[in-house]
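Dear colleague,

Please find below the structure I am handing over to you. My notes on what was found in it follow directly after.

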Amino acid sequence: MPSEYELSDINVKYRHENSVNGESTAKMSNGFYITTAKAFILVFLALAIAVGVGIIVHFAGPARDVECKCTFPTTGDGSSGGETAALEQCKTWASEGNSDICSACPSQGSSATCPTVPTAPTAPTQATKTTTPPQTTPTSVATTTATPAVLDVRLPTALNPLLYTVELQPHMYTMNSEEFTFNGSVRILFHCVEDANNITLHINKLNITGSISVTHENEIEGLYNRHEFDTARQFIIIYTTKELMAGQNYTVDITSFVGPLVPDLAGLYLSSYTRGDEKIYIATSQMQPTDARKTFPCLDEPAIKSEFEVTLVRKRHMKSISNMPITNKIDRGDDWIADKFQRTPKMSTYLLAFIICDFNYTENTTENGVTYRAWARPEAIEQTPYSLKVGVEILTFFEEYFSISYPLPKQDMIAIPDFAAGAMENWGLITYRETAMLYEAGVSSEGNKQRVAVVVSHELAHQWFGNLVTPSWWDDLWLNEGFASYVEYMGVDHVHPDWKMFEQFVVEDLQDVFNFDGLISSHPVYVPVAHPDEINEIFDRISYAKGASIIRMMRFFLGDATFQHGLTRYLNSLRYGAAFHDDLWFALGNQSLAESNPISNVKEIMDTWTLQMNYPVVTIMHGSSGSITLKQHRYLQDPNATDPGKYTSPFGYKWNIPFTYTTSTEKRFDVTSNDVIMMSKDEPSIPIDNANIPAATGNNWVLGNPMQYGYYRVNYDERNWIALIEQLRSDHSVVHAINRAQIINDAWSLARSGDLGMSLALRTTEYLNNEREWIPWSAASSQLGFVGSMLERHPLYGSFTKFMQNKTSSAFEELTMNNTGASHLESYLRSTITSLACSYGIQACVDEAKQLYSQWMRNPNNNPIDPGIKSTVYCVAIAEGGIDEWEFAWNQYQTANVAAEKSRLLSALSCSKETWILSRYLDMAIDPNQIRRQDSVSVIVYISRNTIGRSLAWDFFRAKWDFLLNDYFEGISYVLSGLINNVLASFNTEFELTQLKAFVDSKDDLGSGARAFAQALEKTQSNINWMTANVPVIESWLHDQGY
């Protein structure tokens, strides 16, 4: 097998499965064949369980425990003849990866199915070798009516691609845009690693219009026999006239194919922008995760790497860009130019990029000689210098940090007018949504500026994590996204150390994903996936933010030096190859041993964080002077939620936890790896004895998890909570800003789960009148924002509004809406306080917002509103105004040249209190002539957050669901999870739960939204429980406080 498939740190390999293509085959390998002996046993087994029995086979690859539960007819002496032999054969076949064993069991009386490695549909059988991802622990997967039929969609691996020669030619110049197409050709040089009689490629939405040939490298004779399609698995299967022999090289030539060039944001697709009254079309691409096959026939799996030679054919007035530099330009006549690009290094298909446009670029060169260009529409090229500057600096920083040079000669970045995601890390040609790359001082806010820096850093991190070393399958997506989501903070901190990026991490990622991962419908970081819908589902906060959070935790307990050197070891050992997560643990563990680090059992620790979902609460029991005792339990937002049984924990929901603490006598927050006390998952309680621990009296306190490095919450007895609250009231600066945010976030979340009384959580906000740092205010705003969303249609909302006015008024009066000369985080704080002040009706805020907007309406060419408060001002003015204010904002949206400004206006347009305006806006959201497809989800979500628009958005969502799933977002269905989670986030009544259940039950196929709907149902029930338990407490507390 090619080296990238070999996982050196585990004792298992990919399973190999051969199925026969309706033709006899004499040569057999490690696959599943119905030999005479096996057929006899199958017949015997079928007879033995004819009454109706079940078999459960839990497996996901070799070296895993397989459990077969079968019931056999017993004889008079109580024994079941043949049971042992049949069970052993079941286990053997299952452990070899033969998914067909499930279909050998009777359908009636079966106790379960085998969804982890599902039976493929009847399809052209083939003498091939199929791979599935290796796993180290069993995972139980249960299907539901909302889950699509799972197919074994993995490709055969008998042939390893060495070189693709691809040519593509978009036709988007003269005809109606609805008729735009592209044509192409592909030649693939393979090395045969196992005898086979066919070649299987991925293909989707392409028509083969030319000939197909198969040749041996040393023979002229053609080997092509016939081909057919397996559309369910998006395969084209090319049969050969004779067997392909292991150790030999072969070439497949597909001389011509045609595909639609449409604005579906997937594969090679159409984008456009306007210049005056003219619409300018461009061809661009988005391959991840499974859309390279929509561009050309290929082996479209992340681990199947190859080199690529690309030719793009364009009209003379256009420009073409791909992963590598252009080496040759050939005049094809009739105004056509063929640009041939330098051969790529070995890479995955999902990292390819093809663009034909009329854009301009700015250019710089890194210290190490890499040519760096930033491309944009000619009208927006002046907005590229900032992203170009930070890109050049961060690329060089990553080269130095990883001690591995960037391996390509150039790095392009390009802002695409229509782009579904934030950005895509295509090797050498990173594509961005305009809001994630373009920045204009005076128009864009500090938040926009940070967004650009963070996304640029994230995508550059992928050039090592994902591009150089790629996950062997999508179940380890977090090896891509988790690392990039953490390392992005390192890159931005290098460029902007004053932004305190590592403090921001706590509220932007860790506390944010805590909410998601506190659900029983969450999923492990490492999660088995097969069907493309399942793959799209896991592009979520678990893969990104939880992945980043546990990597941050690991960096802390290993120490910076071991972590850095271990990453370099990992990247060097697998460069240009593919990795399983155990490869990372192997590299870091070995590095720890090499550096005599006291913590070297990295796999043992980290498996408890990646192979089970959710996270722990560490409870500190503060007893006599000099001692505390620790216990852990699983956190669930709703402890009474029904476990769907989709995932089972191999560790009983216990974790190996790197615990640290400080006390009221020490007040030391600069903890290091030397301070770590490793809590074992196997110990029910951990005593800690230390003379510096004060007695549990008075206002003495213990605080767990300083700097919140650990991915866990901390709970205390009531006395210790009160002592921490009193410390915040008397002098909050004693506690680090991160831990002030932690105290608020932990208290409110523990109250939500019933682990802490709501009255104590409420008291953590008492000191906020004196808080002037953004990190704690961000945490408080998040928690109090949830309360507001729960109460906004409840009679108690008036009292809560008065409470919020009290908390924000002093900060608003001090900060005002004048952002002149503010630092980055001061601007963040002013934006947050202004938003809260106006949202909760502080009249000075509302009046000034209306006055500023009116001033702008009188002089549209001179916007007097500071970019940091534009979102609030626009929203308030439209909410307080009527159709004139709305139409003005809409006109500004249509003419704005800065994407960040257009995004703010889209959001503000949802703030209207007129139902007819909001209904019209919902219709506009799915009209691509009005609002770009990439922004449709955002508009619907914005309207759902408007108290008046909430029910309108829900009705619209239900009415348009089938259209959204099957038509409008086809190809980018991963955006639906965000739509579902946000539109349904505030549901908190039994009536809404009944409506939601009825809607879910009415749909046979929820596609890539299945997981999000399960989470929405759980969150709605959790919200109902929260209302029942906490509204009386909040009402009493507010009354006692005089509200």
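In this predicted model, helix H24 meets helix H26 through Val937, Ile940, Val941 and Ser944 on the H24 side; the residues of H26 in this contact are Val975, Gly978, Leu979, Asn982 and Val983. Sorted by class, the contact between H24 and H26 comprises 6 nonpolar and 3 polar residues, with no charged ones. H24 spans residues 936-944 and H26 spans residues 975-983. Their axes lie 9 Å apart and the packing angle is about 5°. Since angles under 35 degrees count as roughly parallel, H24 is therefore roughly parallel to H26.

A second region concerns a sheet and its helices. Here 5 strands make up an open sheet with mixed pairing, in the order S16-S17-S18-S20-S19. Strand S16 (360-365) and strand S19 (423-424) each have a single partner strand, so these two stand at the edges and one side of each has no neighbour in the sheet.

At the S19 edge, S19 runs antiparallel to strand S20 (residues 429-433), and 2 bridges join them. Ala423 has Tyr432 of S20 as its bridge partner. Helix H5 (residues 446-462) packs on the sheet and touches S17, S18, S19 and S20; the direction of H5 makes about 150° with that of S20.

Helix H4 (residues 385-402) lies across S16, strand S17 (371-376) and strand S18 (410-416). Relative to S17, H4 runs at about 150°.

Yours sincerely

How values were computed:
Residues numbered from 1 in each chain as written. Predicted model: local features only at pLDDT ≥ 70, side-chain atom pairs only at ≥ 80, totals over all residues. Heavy atoms only, no water. Pairing = 2+ DSSP bridges. Helix = DSSP H or I, 4+ residues; strand = E, 2+ residues; numbered from the N terminus. Contact = heavy atoms within 4.5 Å. Axes fitted to C-alpha atoms, helices over the stretch in contact; angles between N-to-C directions. Parallel < 35°, antiparallel > 145°, perpendicular 65-115°, else oblique. Nonpolar A, V, L, I, M, F, W, Y, C, P; charged D, E, K, R; others polar.
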